[in-house]
Amino acid sequence: MSLMTRAAPALFVLLWSSAFVGAKYGMPFIEPLTFMCLRFTLVTAIFLGLSLIFQASWPRSWAEVGHIAFVGLLVQALYLSGTFIALSRGAPAGLVALILGLQPVLTVLIVSALPGGRVSILQCLGVALGFAGLILVLWNKLDLGEVDNIAIILVVIGVCLITIGTLYQGRFCAGMDMLSGNVIQAAVAMVVTGLGAWSLEEMRIDWDDRLILSLGWMVIVVSLGAHTLLLFLLRSNQATKVASLFYLTPPTVAVMAYFMFDERLTAMALAGMAVTVVGVAMVVRGK
């Protein structure tokens, strides 16, 4: 196993988790769909330039293009936009993270139901243990008071979309070139979020240093780094194992928030982190 393969899961969790911190800086100065459209416009341009420089291979048929574009629609355009809109509507971040934490559970259910799909008992126990740890981590952050129903519906739909999208990516886009594939997926997300922003938002931008920093972080670190690592992991591992890594996102965000925003870490949260890590380890070890 290469060093990149060994380091990819931990690096992915770290970079993916940073998206929640990075977005916090930029959202007060721009509407969510406008932010997403601007982000994906820059991502498309960067990956297109890299594809030309490194002479990336492109899909050989329109069917391949369709598969890649479909994943971009689900994972980048719809899932991310729905999550950002939900947070901008005041949905509690802890509740959003808990709902998104259902992805490994959904992945296990779908994989076990597919023809030839097999999930071991150890992996099922790991998924359950990971979700229990997630609840402990987020327990003090859950606010179940007045909740925007539309926001919660968007998050529930989003977790279904990213679950289907990652499974679809592993099944139909395994041979996708990382550079040209990202061009197609980011371009789809750019068009969809652009149409959404044009029809639903005023598209006003208050240019601020924090917005520029947030946008740069989301483009370079998250889109170019974390998303590319996700595609790499989906080509290298089983879907259930990759999905289990999303359990580690809320604990990682909690640690980042502790150092950056001085948010308190309770003993229950620390215990939940340990439980979550054990659960993920069981999924990864399971055959």
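**Close-up views around helix H2**

**View 1. The buried residues of helix H2.** Buried here means under 20% relative accessible area with a 1.4 Å probe, counting protein chains only, and in H2 the residues that qualify are Pro32, Leu33, Thr34, Phe35, Met36, Cys37, Arg39, Phe40, Val43, Thr44, Phe47 and Ser51. Helices are DSSP runs of H or I with at least four residues, numbered from the N terminus. This is a predicted model, in which local features need pLDDT of at least 70 and side-chain atom pairs count only at pLDDT 80 or more. Residues are numbered from 1 along each chain, and side-chain values use heavy atoms, without hydrogens or water.

**View 2. H2 from end to end.** The expected span of a helix is 1.5 Å times one less than its number of residues. For the 22 residues of H2 that gives 32 Å, and the end C-alpha atoms are indeed 32 Å apart, so the two agree. After H2 comes Gln55, with a positive phi near 50°.

**View 3. Where H2 meets H3.** Look for Pro32, Leu33, Phe35, Met36, Arg39 and Phe40 of H2 in contact (heavy atoms within 4.5 Å) with Gln76, Leu80, Ser81, Phe84, Ile85 and Ser88 of H3.

**View 4. Inside the largest nonpolar core.** A nonpolar core joins buried Ala, Val, Leu, Ile, Met, Phe, Trp, Tyr and Cys residues through side-chain atoms within 4.5 Å. This one has 67 residues, and Phe12, Trp16, Phe35, Leu230 and Leu245 touch the most other members. Helix H9 (residues 209-236) contributes the most, with 12 residues. Beyond its neighbours within four places in sequence, Leu230 is in contact with Phe12, Trp16, Val242 and Phe246.

Note on methods: Helices (H or I, at least four residues) and strands (E, at least two) are DSSP runs, numbered from the N terminus. Buried means under 20% relative accessible area, exposed over 50%, partly exposed in between (1.4 Å probe, protein chains only).
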